Amino acid sequence: MKLKRPASQKIKRRYLSIKGKREQVEQSVIEGIGTLGWAKAVPFFVRSVSDWCILAVSRDMVTAVRASLALSPHNLIVTRVSGTIKGLGKTYHSDPQNFK
């Protein structure tokens with residue numbers, strides 16, 4: 001039986017829809033906020049399709065991650081930030097089947 005975390009220990013996440021490749025996103029975030037910032041953001045890639053990806057980050061670090069993506073030389077664009085993955089699926093321009 002898997003033990004559940006209490007609500008106070010749960011990591012509250014926000015999901016960022018990013019137009020860019022996964023490697024470029026990872027590199028620019030680490031360069032922007034550093035490895036300690038990367039650890040505080042607790043990021044993970046939910047989906048990654050060609051040049052679109054969904055990155056989940058801690059709620060407290062959303063602005064820092066967005067800033068590091070904006071300062072990146074890779075021309076990465078954050079198209080939307082949402083509290084749920086389902087909320088992101090409503091606005092995809094290209095193949096929305098890949099993000100459900």
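# Working through a predicted fold

Trainee: Where should I start with this chain, say with how its contacts are spread along the sequence: what share of them join residues at least 24 apart?
Mentor: Among contacts between residues at least 6 apart in sequence, 71% join residues at least 24 apart. Keep in mind throughout that this is a predicted model.

Trainee: Okay, and how many helices and strands are there?
Mentor: The protein chain comes to 3 helices and 4 strands, and from the N terminus on these elements follow one another as β-α-β-β-α-β-α. Of the 100 residues in the chain, 33% are buried.

Trainee: What's the strand order in the sheet?
Mentor: The sheet is an open one of 4 strands in the order β2-β3-β1-β4, and the pairing is antiparallel. Because β2 (44-49) and β4 (77-82) stand at the edges with a single partner strand each, one side of each has no neighbour in the sheet.

Trainee: And how much are neighbouring strands turned against each other?
Mentor: On average, neighbouring strands of this sheet are turned by 20° against each other, if direction is ignored.

Trainee: Let's look at β3 then. How many of its residues are buried?
Mentor: In β3, 7 of its 7 residues are buried, so the strand can be called mostly covered, given that buried means under 20% relative accessible area. On one flank, β3 (residues 52-58) is joined by 7 bridges to β1 (residues 13-19), and the two run antiparallel. With β2, β3 shares 5 bridges, again in an antiparallel arrangement.

Trainee: Which residues pair up there, for instance what is the bridge partner of leucine 16?
Mentor: Leucine 16 has leucine 55 in β3 as its bridge partner, and leucine 55 is also the bridge partner of phenylalanine 45. Arginine 13, for its part, is bridged to serine 58 in β3.

Trainee: Switching to the helices: at what angle do α1 and α2 pack?
Mentor: Helix α1 (residues 22-41) and helix α2 (residues 62-70) pack at an angle of about 155°, and their axes are 8 Å apart. Since angles over 145 degrees count as roughly antiparallel, α1 and α2 are therefore roughly antiparallel to each other.

Trainee: Is that crossing left-handed or right-handed?
Mentor: The crossing of α1 and α2 is right-handed.

Trainee: Which residues make the contact?
Mentor: From α1, the residues are Val25, Ser28, Val29, Gly32, Ile33 and Ala41, and they meet Ala64, Val65, Ser68 and Leu69 of α2. Sorted by class, this contact has 7 nonpolar and 3 polar residues, with no charged ones.

Trainee: Which strands do the helices lie across?
Mentor: α1 lies across β1, β2 and β3, and runs at about 5° to β3. α2 lies across β1, β3 and β4, and runs at about 15° to β1.

Trainee: Back to backbone geometry: which residue in the turn of the β2 and β3 hairpin has a positive phi?
Mentor: That is serine 50, with a phi of about 40°, in a hairpin that has 2 residues between its strands. Serine 50 counts as exposed because its relative accessibility is 57%.

Trainee: Why is a positive phi worth a remark outside glycine?
Mentor: It is worth a remark because most residues other than glycine have a negative phi.

Trainee: And what is the phi of asparagine 75?
Mentor: Asparagine 75, not a glycine either, has a positive phi of about 60°, and its place is in the loop between α2 and β4. With 60% relative accessibility, asparagine 75 counts as exposed.

Notes. Residues numbered from 1 in each chain as written. Predicted model: local features only at pLDDT ≥ 70, side-chain atom pairs only at ≥ 80, totals over all residues. Heavy atoms only, no water. Axes fitted to C-alpha atoms, helices over the stretch in contact; angles between N-to-C directions. Parallel < 35°, antiparallel > 145°, perpendicular 65-115°, else oblique. Left-handed = near helix turned anticlockwise from the far one by under 90°. Contact = heavy atoms within 4.5 Å. Nonpolar A, V, L, I, M, F, W, Y, C, P; charged D, E, K, R; others polar. Pairing = 2+ DSSP bridges. Buried < 20%, exposed > 50% of the residue type's maximum accessible area, 1.4 Å probe, protein only.
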